[in-house]
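Got the viewer open? Let's take a walk through this one, stop by stop, with something to select at each.

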Amino acid sequence: MDLEDFDLYSYFYDLVKQIPDGYVTTYGDLAEALGDPIAARAVGYMLSINEDPDGIPCYRVVLHDGTVGNYTHPLGPQEKVRRLKADGIPVVSGKIEDFEHHRFRDFRTDYPLKKMQEYQRKIAEEYTESGPEKFELIEAFDVSYTDRMGFASSVVLHGEEMESYVISDKIRFPYIPGYLGFREFKFIRRLYRNADLLLIDGNGILHPRYAGLATHAGVILNTSAIGVAKHLTRSVKHDEYLYIGDRLTGMIIKKNIIVSPGNRFSVRSAVMTVQALWGDKYPWPLKLVHQLSTMHLDTRGRILELDAQSISAR
DNA sequence: GCGACAG
DNA sequence: ATCTTGTCGC
């Protein structure tokens, strides 16, 4: 199992196909079969964008209490009820009768998200706090999305010189809290131009397993990295300092701007470096690369050439 | 209604 | 992140 290039969509749809005729399962049961109950919302999302509703029986996935729940179909939830009844499942006023008797949870699975957690713990062990303080080549990354496509960009800075890169690819991993690295690192790996500092939209060691996207990228690419996030994730806040367990992992430097070390930085040195790259209201290389990604998405990857002025003019 | 929830 | 109308504040 190649965790760095894992197709969770295919794996998930194969799980859904395992639900036998005459049985149902829940969003949480499928998340459990993937390896982490936190994926329950991603389960709902993946079902909602199912491209093969006749081959992949989404209608067999219901709420925890036996309520039928939503169905993304032109005919709506009533079509879900119709299909369940056609399978011989009794549904009375939107709820499955004798729910536990019809509930399937005996999935054949390798629990891929559990393996990814282990992988993240190994990455976290490779994180180091000390590193260089001067950088020749800085690269900032960002990705914009449609349902199944990602449009990724990077901006590379060396002295006064700047270059930008764009790539796009089909998405094979949904957004799942705590697993962003498995969604976005493949883009960073392809865009990486041997920079000695990576600036990444997301968290570093401010992560339940101390291995957010910026740490994932910094450790695998063996370079310095910093994460800058716009929203706070689960952590304990003391003044502006953010702790996971007893460990200092990040800092709120402005409203909705959270800095955490990815690799080869401490919290203090990461904050100082971000401040050295401060623009108007945000580190300017990240603002620029975000605009580039958005434009890349808007044109569906048909950008051929861009310079900094045409981007900033937006 | 509440809690979590990086992108 | 994306989907999106109107609304609030500078």
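Start by selecting Q18: leaving out residues up to four places away in sequence, Q18 touches F104, F107 and R108 (contact means heavy atoms within 4.5 Å). Q18 sits in the loop between α1 and β1 (25-26). Helices here are DSSP runs of H or I with at least four residues, strands are runs of E with at least two, and both are numbered from the N terminus. Is Q18 buried or exposed? Q18 is buried, with a relative accessible area of 17%; buried means under 20%, exposed over 50%, and partly exposed in between, using a 1.4 Å probe and protein chains only.

Before the next click, some housekeeping: this is a predicted model, in which local features need pLDDT of at least 70, side-chain atom pairs count only at pLDDT 80 or more, and totals for chains, interfaces and linings use all residues. Residues are numbered from 1 along each chain as its sequence is written, chains are lettered from A and ligands numbered from 1 in the order in which they are written, and side-chain values use heavy atoms, with hydrogens and water left out.

**Zoom out to chain A**

Show chain A as a cartoon and you have eleven helices and 13 strands to look at. Along its principal axes, the C-alpha trace spans about 70 × 45 × 35 Å. Of the 314 residues in chain A, 52% are buried. Among contacts with a separation of 6 or more, 67% are between residues 24 or more positions apart.

Now colour by domain: domain 1 is 3-110 and domain 2 is 128-312, with bounds that come from an automatic or database domain assignment. The centres of domain 1 and domain 2, taken over C-alpha atoms, are 35 Å apart. At the place where they meet, 16 residues of domain 1 are in contact with 16 residues of domain 2.

**Into the cores**

Next, select F12, L34, L84, L113 and L198. These have the most contacts inside the largest nonpolar core, which has 61 residues. A nonpolar core is a set of buried Ala, Val, Leu, Ile, Met, Phe, Trp, Tyr and Cys residues joined through side-chain atoms within 4.5 Å. Helix α1 (residues 8-17) gives the most to this core, with seven residues. Why does the core lie between domain 1 and domain 2? Because both of these domains give residues to it. As background, nonpolar side chains tend to be buried together in soluble globular proteins.

Centre on L34 and show its surroundings. Not counting residues up to four places away in sequence, L34 touches a list of residues including L8, Y11, F12 and L15, along with Y111, P112 and L113. Apart from this core lies another, of 24 residues, with I138, V274, L277 and L286 among them.

**A buried strand residue**

Select V259, found in strand β13. V259 is buried, with a relative accessible area of 1%. Leaving aside neighbours within four places in sequence, the contacts of V259 include I226, G250, M251, A270 and V274. Try the distance tool on V259 and A270: they are eleven residues apart in sequence, and 7.0 Å apart in space, C-alpha to C-alpha.

**Over to the DNA**

Show DNA strand B and the residues around it. Which residues come nearest? Of the 20 around this strand, N203, H207, L213, K230 and H231 do (a residue is near a strand if one of its heavy atoms lies within 4 Å of it). Sugar and phosphate account for 49% of the strand B atoms that come within 4 Å of the protein.

Now for polar contacts, which are pairs of N or O atoms within 3.5 Å; within protein, one must be able to donate a hydrogen and the other to accept it, and residues adjacent in sequence count only if both atoms are side-chain atoms.

- N203: a polar backbone atom is 3.1 Å from a base nitrogen of DNA strand B.
- L213: a backbone N or O atom lies 3.1 Å from a base nitrogen of DNA strand B.
- K230: a backbone N or O atom lies 2.7 Å from a phosphate oxygen of DNA strand B.

Stay on K230 and bring up DNA strand C. A polar side-chain atom of K230 lies 3.4 Å from a phosphate oxygen of that strand. Around DNA strand C you'll find S144, Y145, K230 and L297.

**Last stop: two asparagines**

Select N194, in the loop between α7 (180-191) and β8 (197-201). Its phi is near 60 degrees, a positive value in a residue other than glycine, and N194 is exposed, with a relative accessible area of 62%. Then jump to N256, in the loop between β12 (247-254) and β13 (257-263). N256 has a positive phi of about 65 degrees and is partly exposed, at 41% relative accessible area.
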